[in-house]
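Here is a short briefing on one protein chain. Keep the sequence and the 3D view open while you read.

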Amino acid sequence: MKKLPAAVMLIPMALFLLTSCASGCEDVLPNFDTAQSPDYVEDASVFSEYSVREYPLTIPDGYYVGCIAGTETAVYYKEDEILTTSEWVQNTEFYRIDTASGHSERIYQINDGNLHWVNELVASDTGLFWVIRDETGMRIERLDFQSGQVATVKEFSSETPDIILTGGDGFVTWFEESGKSTDFLYACDDEGKEEFLISDQISKQSPFTRAYVNDGITAFVEASRSTQRLCTYDLQNKTYVKQLKVPASSTVADPRANRDYILWSEEDQKLLYTYDIAEAKLGCVANTDSDELYIFSFHLLGDVAMINDHVTNQIIGRQASGSKETAFTKQLSGDHYYMLGAVEADQCYIAYDSDQSSILRIVRS
């Protein structure tokens with residue numbers, strides 16, 4: 001399992017700029033204070049199509065779990081060996097869990113004697129992507145499952161800010177700083193061969209902002225002059241689905257979307273809003289001032305807003321259009337602390353449970 005030097009393989013990649021807008025995609029968001037916020041009622045029967053399972057991990061002493069990723073048939077995670085003398089590591093191991101059997105196996109290891117830091121994991125049916133930084137700089141790499149070889153997808157200088165990967169449904173996305181008033185959003189296919197620029201008008205937000213991919217759709221915020229636009233983009237057809245002008249008095253942060261809904265927060269993450277694309281209807285699924293929630297993170301799974309609440313330490317599901325909710329994880333015994341949440345193919349939600357050293361997986365059948 002010796003790591004190949006990055007220079008051994010460099011995936012040839014074509015770069016395209018594709019920014020067409022489908023007919024009817026431009027619209028204006030209603031004022032946020034008009035959003036209806038229902039009184040949510042616990043009703044687990046409404047969510048009967050969802051199943052919940054945790055996969056226990058065996059973490060050796062001196063190691064910790066840094067990233068997770070998933071597909072419809074597998075969950076992936078990485079372990080780093082802790083060095084007390086450095087923030088970087090010398091040994092990183094990657095594991096695959098078969099979600100049917102629960103069997104875990106190591107599939108790759110970086111242990112070439114050099115200090116490094118691996119951040120981010122994105123999985124597809126054919127490969128595993130990550131970002132690695134070492135003394136030579138930073139690069140996106142891809143492990144090919146069939147050949148077992150690692151190739152460099154894209155290289156960056158050592159001065160480049162951290163690249164935050166997200167992906168799914170055959171694509172990987174990331175933002176890059178431009179040095180100007182707006183940034184870039186790129187994507188590539190899951191073979192790492194075709195790169196395309198989605199937008200060069202990305203509104204600067206947190207350095208940890210992601211362009212989440214769900215059901216082949218990614219969501220992001222564009223800015224031009226004093227105007228913000230909440231956008232959804234079809235990665236397969238390479239076209240905008242929606243470009244929604246944001247009211248001047250409002251802000252949009254951390255959006256994620258599928259083909260039916262958009263979910264986002266305001267900057268302080270006290271309010272979560274939804275937008276029903278077909279009905280052009282704005283809603284509010286969480287208000288921390290009245291709901292007694294602490295929204296650590298949130299995702300969109302089908303028509304359900306998945307809220308990682310750090311008051312109850314539960315994963316709470318709320319209908320995007322409706323008034324029913326459930327605590328998906330209340331059936332699990334013991335203490336829990338969920339982090340590293342993600343959604344794969346609009347079918348399953350995963351998170352790392354640091355209290356139980358396990359990976360939670362909630363599947364929509």
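How many nonpolar, polar and charged residues does the lining of the largest pocket have? It has 22 nonpolar, 18 polar and eight charged residues. This is a predicted model, and the chain averages a pLDDT of 91. The points below cover confidence, the pockets, the cavity, the core and a few single residues.

**Confidence**

- A pLDDT of at least 70 is reached by 93% of the residues.
- Strand β8 (residues 92-98) has the highest mean pLDDT among the elements, at 98.
- Strand β1 (residues 14-17) has the lowest, at 54.
- Over residues 1-8, pLDDT stays under 50. For that stretch the model has 18 contacts beyond four places in sequence.

**Largest pocket**

- The largest pocket holds about 1100 Å³ of space.
- It is lined by 48 residues, and those closest to its centre are Phe208, Arg210, Tyr212, His299 and Gly341.
- Several strands each supply at least two lining residues: β6 (63-70), β10, β14 (166-168), β18 (213-214), β22 (253-257), β26 (295-301) and β30 (338-344).

**Second largest pocket**

- The second largest pocket has a volume of about 490 Å³.
- Of its 24 lining residues, Phe175, Ser206, Pro207, Phe208 and Thr209 are the closest to the centre.
- Strands β10, β15 (171-176) and β19 each give at least two residues to this lining.
- By class, the lining has 11 nonpolar, six polar and seven charged residues.
- Phe208 appears twice: it is among the residues closest to the centre of the largest pocket and among those closest to the centre of the second largest.
- Strand β10 also appears twice, with at least two residues in the lining of the largest pocket and at least two in that of the second largest.

**Cavity**

- The structure holds one cavity of 30 Å³ or more.
- About 40 Å³ of space lies in the largest cavity.
- Its lining is made up of Trp117, Asn119, Val131, Ile132, Arg133, Met138, Asp162 and Ile163.
- Strands β10 (116-123) and β11 (127-134) are the elements that give two or more residues to this lining. The largest share, three residues, comes from β11.
- Five of the lining residues are nonpolar, one is polar and two are charged.

**Nonpolar core**

- The largest nonpolar core has 19 residues. Leu29, Phe32, Leu230, Ile262, Trp264 and Tyr273 touch the most other members.
- Four elements give two or more residues to this core: β19 (217-224), β23 (261-265), β24 (271-276) and β25 (281-287).
- In soluble globular proteins, nonpolar side chains tend to be buried together.
- Which residues does Ile262 contact, leaving aside its neighbours within four places in sequence? They are Leu230, Thr232, Leu244, Arg256, Ala257, Tyr273, Thr274, Tyr275 and Ile277.
- Leu230 and Tyr273 are thus contacts of Ile262 and are also listed with Ile262 among the members that touch the most others.

**Long-range pairs**

- Asn214 lies in strand β18. Is Asn214 buried or exposed? Its relative accessible area is 4%, under the 20% cut-off, so Asn214 counts as buried.
- Not counting residues up to four places away in sequence, Asn214 touches Asp169, Ala257, Asn258, Leu300, Val343, Ala345 and Asp346.
- Asn214 and Gly302 are 88 residues apart in sequence, yet 9.2 Å apart in space, C-alpha to C-alpha.
- Ser48 sits in the loop between β4 (41-42) and β5 (50-56). Ser48 counts as exposed because its relative accessibility is 61%, over the 50% cut-off.
- Ser48 and Ser365 are 317 residues apart along the chain, and 9.2 Å separates their C-alpha atoms.

**Positive phi outside glycine**

- Glu120 is not a glycine, but has a positive phi of about 75 degrees. Glu120 is found in strand β10. Glu120 is buried, with a relative accessible area of 6%.
- Glu292 is also a residue other than glycine with a positive phi, near 55 degrees. Glu292 is placed in the loop between α1 (288-291) and β26. At 66% relative accessibility, Glu292 counts as exposed.
- The two residues thus differ in burial: Glu120 is buried, whereas Glu292 is exposed.

Terms used. Residues numbered from 1 in each chain as written. Predicted model: local features only at pLDDT ≥ 70, side-chain atom pairs only at ≥ 80, totals over all residues. Heavy atoms only, no water. pLDDT = per-residue confidence, 0-100. Contact = heavy atoms within 4.5 Å. Core = buried A, V, L, I, M, F, W, Y, C linked by side-chain atoms within 4.5 Å. Buried < 20%, exposed > 50% of the residue type's maximum accessible area, 1.4 Å probe, protein only. 1 Å grid on protein atoms, 1.4 Å probe; cavity = no way out; pocket = protein on both sides within 12 Å on 5 of 7 lines; lining within 4 Å. Points joined across faces, edges and corners; volume = space filled by probe spheres on them. Nonpolar A, V, L, I, M, F, W, Y, C, P; charged D, E, K, R; others polar.
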